[in-house]
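User: I'd like to practise reading a protein model. Can we go through it together?
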Amino acid sequence: IRRERLKHCVPKWKMEELDATDEFDSDLQTARRDFCQLEKDYHKEGFREGADVGRERLAQEGFNSGYCNGVEEGMNRGHILGQLNAMLHWLERMSVTSTDATDSVAGQLRALILEAKEGDDVTWMAAKVQAVKAQFSVTCKDMTGKVF
């Protein structure tokens, strides 16, 4: 069949020459084998390249998501720690004498600071921080006569 197709595109004298030898068949088989091997190689390489690109894309998306979450968590944690440390610092500097109220608020502040530093998620701390802020305001009012 292939010889029939070649008759249309190969000059007659070349076909006679090809027919006279078996080189044509062996060349055709070699070319077919080479082509199949190249096709397999390109298929494998394309698959590997696609898999690599997919892994990189997923890794990048995961990094981007994790980075955004980490920044948000870091900002929240920093904000809470800043507030707690500022209240503790102010309380320690302003209290000349230790009272049960100042000791209680200072202890709560220290405990919350430790929780905020070691905890996995600080978003749950908002209610606790608000409660300590309320006690802090009352304690400051008792100490200075001013509401904070």
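Analyst: Sure, here are a few questions and answers about this predicted model.

User: How many aromatic pairs does a search of the whole structure find?
Analyst: One pair is Phe63 with Tyr67. Another is Trp90 with Phe136. Searching the whole structure gives a count of two.

User: Are the rings of Phe63 and Tyr67 stacked or edge-to-face?
Analyst: These residues sit four apart in helix H3, about one turn of the helix. Their ring centres are 5.9 Å apart and the planes make 25 degrees. Planes under 30 degrees apart count as stacked, over 60 as edge-to-face. So this pair is stacked.

User: Is tyrosine 67 buried or exposed?
Analyst: Tyr67 belongs to a nonpolar surface patch with Phe63, Val71 and Met75, with about 460 Å² of accessible area together. Its own relative accessible area is 51%, and the cut-off for exposed is over 50%. Therefore Tyr67 is exposed.

User: What about the other pair: which helices do tryptophan 90 and phenylalanine 136 lie in?
Analyst: Their rings meet edge-to-face, 5.7 Å centre to centre with 75 degrees between the planes. The two residues are 46 apart, so the pair links distant parts of the chain: Trp90 is in helix H3 and Phe136 in helix H5.

User: Is phenylalanine 136 buried or exposed?
Analyst: Phe136 is among the residues with the most contacts inside the largest nonpolar core, which has 18 residues. Buried means under 20% relative accessible area. At 7%, Phe136 counts as buried.

How values were computed: Residues numbered from 1 in each chain as written. Predicted model: local features only at pLDDT ≥ 70, side-chain atom pairs only at ≥ 80, totals over all residues. Heavy atoms only, no water. Core = buried A, V, L, I, M, F, W, Y, C linked by side-chain atoms within 4.5 Å. Buried < 20%, exposed > 50% of the residue type's maximum accessible area, 1.4 Å probe, protein only. Patch = residues over 30% accessible without salt bridge, like charges linked within 9 Å, V, L, I, M, F, W, Y side chains within 5 Å. Areas by Shrake-Rupley, 256 points an atom, 1.4 Å probe, with all protein chains shown as cover. Salt bridge = Lys/Arg side-chain N within 4 Å of Asp/Glu carboxyl O. Phe/Tyr/Trp six-rings, centres within 6.5 Å; stacked < 30°, edge-to-face > 60°.
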